[in-house]
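This report describes a sheet and a helix for a reader who is new to protein structure. Please keep the sequence and the structure in view while reading.

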Protein chains: 2
Amino acid sequence: MKIVIAGGGFGGLRLARKLNNKRGVEVLLVDRFNYHQFQPLFYQVATAGLDASNISFPLRKVFQKSTNVRLRMADIYRVEPEQKKLVTDIGDISYDKLVIATGAGTNFFGNKELETHAFSMKSTVEALQIRHRLMENLEQATVEKDPQEIERLMNIAVVGGGPTGVELSGALAEMKNYVLPKDYPELDFSKMTIYLLEGSGKLLGAMSEKSSVQATGYLNRLGVTVRTNTQVASYDGKTLTNKDGSQIQTATVLWAAGIKGHVPEGITKVETVRGNRLPVNQFNLLEPYQDIYAIGDVASMVTTEYPHGHPQVAPVAIQQADNLASNLLAELAGKPTHAFSYRDKGSMATVGRNLAVVDMPKPKLHFGGFLAWLVWMALHLMLILGVKNRLFVFLNWVYNYVTYDQSLRLIFREFHRPSDEQPPVLQARKFMEGEKV
Amino acid sequence: MKIVIAGGGFGGLRLARKLNNKRGVEVLLVDRFNYHQFQPLFYQVATAGLDASNISFPLRKVFQKSTNVRLRMADIYRVEPEQKKLVTDIGDISYDKLVIATGAGTNFFGNKELETHAFSMKSTVEALQIRHRLMENLEQATVEKDPQEIERLMNIAVVGGGPTGVELSGALAEMKNYVLPKDYPELDFSKMTIYLLEGSGKLLGAMSEKSSVQATGYLNRLGVTVRTNTQVASYDGKTLTNKDGSQIQTATVLWAAGIKGHVPEGITKVETVRGNRLPVNQFNLLEPYQDIYAIGDVASMVTTEYPHGHPQVAPVAIQQADNLASNLLAELAGKPTHAFSYRDKGSMATVGRNLAVVDMPKPKLHFGGFLAWLVWMALHLMLILGVKNRLFVFLNWVYNYVTYDQSLRLIFREFHRPSDEQPPVLQARKFMEGEKV
């Protein structure tokens, strides 16, 4: 049986590993990149605390000794369920069973202007682009004469008060407080404002009231200007305008205010639900098809406890992958399959050094501060793939902690080579990112 | 006195550090990038053994506590000696004394076709581009049907048998021998050939006969196809043709066959000499001007021992910077200045694990193998700027040595964002690289 897994994120990679070296299944894992990305730490790549490679793991390395898992770096154009195949930039890929684990991308809610000018951070490469732009803006500020323009270049607006927005604005504030004034003695950092804008009435809406209040307090302490009940109306690359009419002058808007499922074309027999997710049954099956599954962020499984689908977080993707792997193998062996049930182990967010919040569900427990920060770090270290990456992340953290210095303030921007007729995989990648090629 | 240093390489950075916090001098260090690049290890970035950040050090970090050294990221369009200023993409920069430390770039000897299709490796970013292309070619090979095309995608031709070419081809051979077959079980690596093409009769022409013979033996042992007396005539992106008519089918040509001085425009009173270098006197002064100096690769100081100028290596640049710094300070203090004299401490090249060659001048001594390899590593570790970079390079080396695995096989290629009106500094950077903007 040939199982094709579309996407090498938390869900897709886990599924492939669970099916690795199992008899009776041939697995093909398809991803746009040649590495697995550890999403929870993108914000540290963007703020120069970690190297992109520290949180990326070559997919081929995971399956070097595999007898039945093969890899392809490809962009999926569409699914053709009748022909049981994927149409991709590297040709057609046929399957017996297809698992859609394509995750979610940034949701600009149809605002094209925002999409053009704001940065999203749903891939390692985008995190690097943010880092480069932040550094370039400061370099420009050192040679700019107009005080208003200098402020615009220094100001940063983070939009979206979920964990990503909280972590990103906290890390930016620490850069502003500890690192940047040393690097740029010619700039007056009292003129730099880091905004965190949230549409609802509170930050970390999915977490406990205590966590929300505590995280807001931490951000205030670090000097972040937190504005709740603030919805962005437009951004032209220079001026951000909120729906209440207030404006912010900034050259950098980091958009973490929403995600939407990455649904490949061709899935016509089902309609996507809220957040552009694919409705699946308790076995992660897309019911109108008997051979297409979806797991993780792109899937929406409605249960009494989760009437709008499970939260779009790594543990759900991983647990769904585990359950689907054992069901697929059970089916092959003629054994009974099991419905998915989610064990919620809690949630957490970190704001800065010694500052984090943790919510645990059973027993219901909240804690914050230094202990929460230690727990956050330990857990993330455990989850990172690869001993070497774990060591390098740890060493970078120790270094940053001791020296108050995110040291990777480097602009490695590639220039276009005249001979760059790009290989098809890259053209397609651009295509997926919304650019016409 | 305002001293402007053009270039933050080995020479320029050393000079700025020697003038750091000295009374009576204001220093402005100008570079295209915001970091110092450790050129000797570019080839390890290209072959996925080191991270780009491991060999790059933020220039602003070096001078965080400086009272008199300031930095600008800029491209120099030209010098206007009469007005005593530099014209750059970020505006005019005036000087009392100018030190040209712009180094050297790749020399394609006027062959535009080669320049378009071959890769050069004179910056960290170019090393990354090589890494990305190598990985992309292999991914393409896995889905290619035509056996000839597969071979073309796998083959690599390194041109130039100096230290860079030797080190690069050795590292590529080790990837081919140890890493790639594990990553790509679908490819037959007996079809992959790594060529090292050298125009003269022997490799490492600047080193001893013993070193040349030994390095050639090492490369043969690793499986590199070494061809001396072979000059490249043309390369169209697919087929490399040598002057003797022989051809090599390859999608990747890495050009390490020559360099030429990066001379800014406007220096009209002197004519450049061999290798596009600026002739300087024994005090590194460009004599027709009384306020312009040149040091390092871009300078050519003729002495009886070095009738064609000193070798274009880091120690010359560093020693010239030291001498110039003390002369500039002596002049200010009304003390006598000293002519430059080069202390040659020897040269070395590494081929692969446990394989290197070392030549020492006084006492005249050659050694190779494991000991030379250890010496090579120890010396390069010492020379790298920053404790953290040193540690990370060391750990990467230990990891690569123990696991036989250059683990950074990651393609982090940025995609163009629709809103990327690039900041002027970047447009200018492209301009410097020969692209019209």
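What distance should the 15 residues of helix α10 (residues 369-383) of chain A span at 1.5 Å a residue, and how far apart are its end C-alpha atoms? The model is a predicted one. The expected span of α10 in chain A is 21 Å, and its end C-alpha atoms are 21 Å apart, which means that the two values agree.

**The helix**

An α-helix has 3.6 residues a turn, so residues three or four places apart point the same way. In α10(A), the buried residues are A372(A), W373(A) and W376(A). Seen down the helix axis, the buried residues of α10(A) fall within an arc of 100 degrees, and therefore they line one face of the helix. The face turned away from this buried side carries exposed residues, namely F370(A), L371(A), L374(A), A378(A) and M382(A).

What covers the buried residues of α10(A)? The cover includes three strands of chain A, listed in the table.

| Strand (chain A) | Residues in the cover of α10(A) |
|---|---|
| β22 | 347-352 |
| β23 | 355-360 |
| β24 | 365-368 |

**The sheet**

Strands of a sheet pair through backbone hydrogen bonds, either parallel or antiparallel. In chain A, 3 strands form an open sheet in the order β14-β15-β16, with antiparallel pairing. Its edge strands are β14 (232-235) and β16 (247-249) of chain A, each of which pairs on one side only. On average, neighbouring strands of this sheet are turned by 20 degrees against each other, direction ignored.

Between β14(A) and β15 (residues 239-242) of chain A, the antiparallel pairing runs over 3 bridges. S234(A) stands opposite T241(A), which lies in β15(A).

Conventions. Residues are numbered from 1 along each chain as its sequence is written. Chains are lettered from A and ligands numbered from 1 in the order in which they are written. This is a predicted model: local features need pLDDT of at least 70, side-chain atom pairs count only at pLDDT 80 or more; totals for chains, interfaces and linings use all residues. Two strands pair if DSSP finds at least two bridges between them. Helices (H or I, at least four residues) and strands (E, at least two) are DSSP runs, numbered from the N terminus. Axes are lines fitted to C-alpha atoms, for helices over the stretch in contact, and angles run from 0 to 180 degrees between N-to-C directions. The expected span of a helix is 1.5 Å times one less than its number of residues. A residue is buried if 20 or more other C-beta atoms lie within 10 Å of its own, exposed if 12 or fewer, and partly exposed in between; C-beta atoms are placed from the backbone. The arc is that of the directions from the helix axis to the C-beta atoms. Two residues are in contact if their C-beta atoms, placed from the backbone, lie within 7 Å.
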